[in-house]
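Here are my notes on the structure shown below, set out as numbered points. Please read them alongside the sequence and the coordinates.

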Amino acid sequence: AAHDKSNSYLEYIHFYNSEKHKNIMEEQEIENDMEKALSDEQFYIVIQPKFNSVTQKIVGGESLVRWTHPLKGIVSPGIFVKVFEKNGFIIQLDYFVWEETCRLLSKQKQKGKEYVPLSINVSRAHFYGNELMDKLSELVLKYGLETSDLELEITESLCGEDPSIIYAKIRQLQNMGFKIAMDDFGSGYSSLNMLKEMPLDIIKMDLKFLDGEEKKSQLILKSLITMAQAMELKVVVEGVENLPQVEFLAQFKECSLQGYYFSRPVIIGEFEHMLENN
Ligand code: C2E
Ligand code: CA
Ligand code: CA
């Protein structure tokens, strides 16, 4: 038996190393292709609408990036965003996504069509540089938008490193009129602490962090939403996938819901169509 064990352990090591090798290869390929991908317009944005928990009307949307690779097809941001956060390319890519989002908002406003604020993901990398404010105000000006048309989604993990500098930047963004959302609230271990310290307008909770026992999950969710709303924070619940979840969440007024139950992220034309029929 001992022999078997060590054998499978060796197999495991071998498997692990080849998996690791494959990942490094993939990472290398992604890095080789990224610049060309941006200049060849292989990246584009999709929008996932957010719905009011009671009226079920569209009240917002989140911009998410997609990559159509000429050989690999559609590559998921779950793979390449991590790589770009490591090598810094996420800054360029986020600028692209923000600009596309502003372009869409400006088009909707110019046509006098119904429009809703859109959120963009702001990678932590932006908080270590000094371009963030300039870039965002430049875009708002260029596309004739209000700062309140944009919500900035920031992940809480970002706040671990140098909180005072980051909070000062966030406050500056709020003073400019941008709404700040804490993305993936509850997924880290210092969420509650963060809630006390970090300047925020919106918290975004992902239902997948509450998998498991339903009763407990509902209790936690209810307490968190009640607490956030008492703190006058807007609440967005994402990862909403089924009717029982929607029914449970309907008890919370002025909550925004996002997830496959309502809609997957859709291409711009489809999003505009959904807004017209809102
Ligand atoms: P995120 O910001 O938490 O985005 C939500 C993710 O959950 C999206 O995956 C979305 O498609 C997915 N999702 C939406 N509804 C459901 C649902 O009901 N069930 C499940 N299981 N999933 C759902 P996506 O588009 O693959 O993006 C993954 C992550 O990649 C994002 O997580 C975000 O962290 C990052 N990302 C995507 N676009 C950008 C971007 O433009 N800039 C930056 N910095 N990061 C991005
Ligand atoms: Ca997000
Ligand atoms: Ca999220």
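1. Leaving out residues up to four places away in sequence, M133 touches K169, Q172, L173 and M176, where contact means heavy atoms within 4.5 Å. M133 itself lies in helix 4, residues 132-142, helices being DSSP runs of H or I with at least four residues and strands being E runs of at least two, numbered from the N terminus. The C-alpha atoms of M133 and K169 are separated by 8.3 Å, although the two residues are 36 apart along the chain. M133 counts as buried because its relative accessibility is 12%; buried means under 20% relative accessible area, exposed over 50%, and partly exposed in between, with a 1.4 Å probe and protein chains only.

2. On the basis of the work: this is a predicted model, in which local features need pLDDT of at least 70 and side-chain atom pairs count only at pLDDT 80 or more, while totals for chains, interfaces and linings use all residues. Residues are numbered from 1 along each chain as its sequence is written, chains are lettered from A and ligands numbered from 1 in the order in which they are written, and side-chain values use heavy atoms, with hydrogens and water left out.

3. M176, one of the residues touched by M133, also meets T147, a residue in the loop between helix 4 and strand 5 (150-155). The side chain of T147 reaches the backbone oxygen of M176 at 2.8 Å, and, not counting residues up to four places away in sequence, T147 touches V140, M176, G177 and F178.

4. Turning to the metals, the calcium ion (ligand 2) has as its protein donors E62 (OE), N121 (OD1), E153 (OE) and D183 (OD), at 2.2 to 2.4 Å; donors are N, O and S atoms within 2.8 Å of the metal (3.2 Å for Na, K and Ca), and sites may look incomplete because water is not among the atoms. Along the chain these donors follow the spacing E-x58-N-x31-E-x29-D. Distant parts of the chain are linked here, with E62 in strand 2 (residues 58-69) and N121 in strand 4 (residues 118-121), 59 residues apart. E62 is buried, its relative accessible area being 4%, whereas N121 counts as partly exposed at 24%.

5. Which residue bridges the calcium ion (ligand 3) and the calcium ion (ligand 2)? D183 does so, and the two ions lie 4.1 Å apart. The protein donors of the calcium ion (ligand 3) are D183 (OD), D184 (OD) and E238, the last listed twice through OE, at 2.1 to 3.2 Å, and their spacing along the chain is D-D-x53-E. D183 in strand 6 (residues 179-185) and E238 in strand 8 (residues 234-238) are 55 residues apart and link distant parts of the chain; both D183 and E238 are buried.

6. Ligand 1 is surrounded by 21 residues, the closest being Q48, R66, D94, E241 and Y260, a residue being near if one of its heavy atoms lies within 4 Å. An oxygen atom of ligand 1 is 2.9 Å from an N or O atom in the side chain of R66, a polar side-chain atom of D94 lies 2.6 Å from a nitrogen atom of ligand 1, and a polar side-chain atom of N121 lies 3.3 Å from an oxygen atom of ligand 1.

7. D94 is found in helix 3 (residues 90-110), and, leaving aside neighbours within four places in sequence, D94 is in contact with N121, V122, S123 and H126.

Key. Polar contact = N/O pair within 3.5 Å; in protein donor to acceptor, adjacent residues only side chain to side chain.
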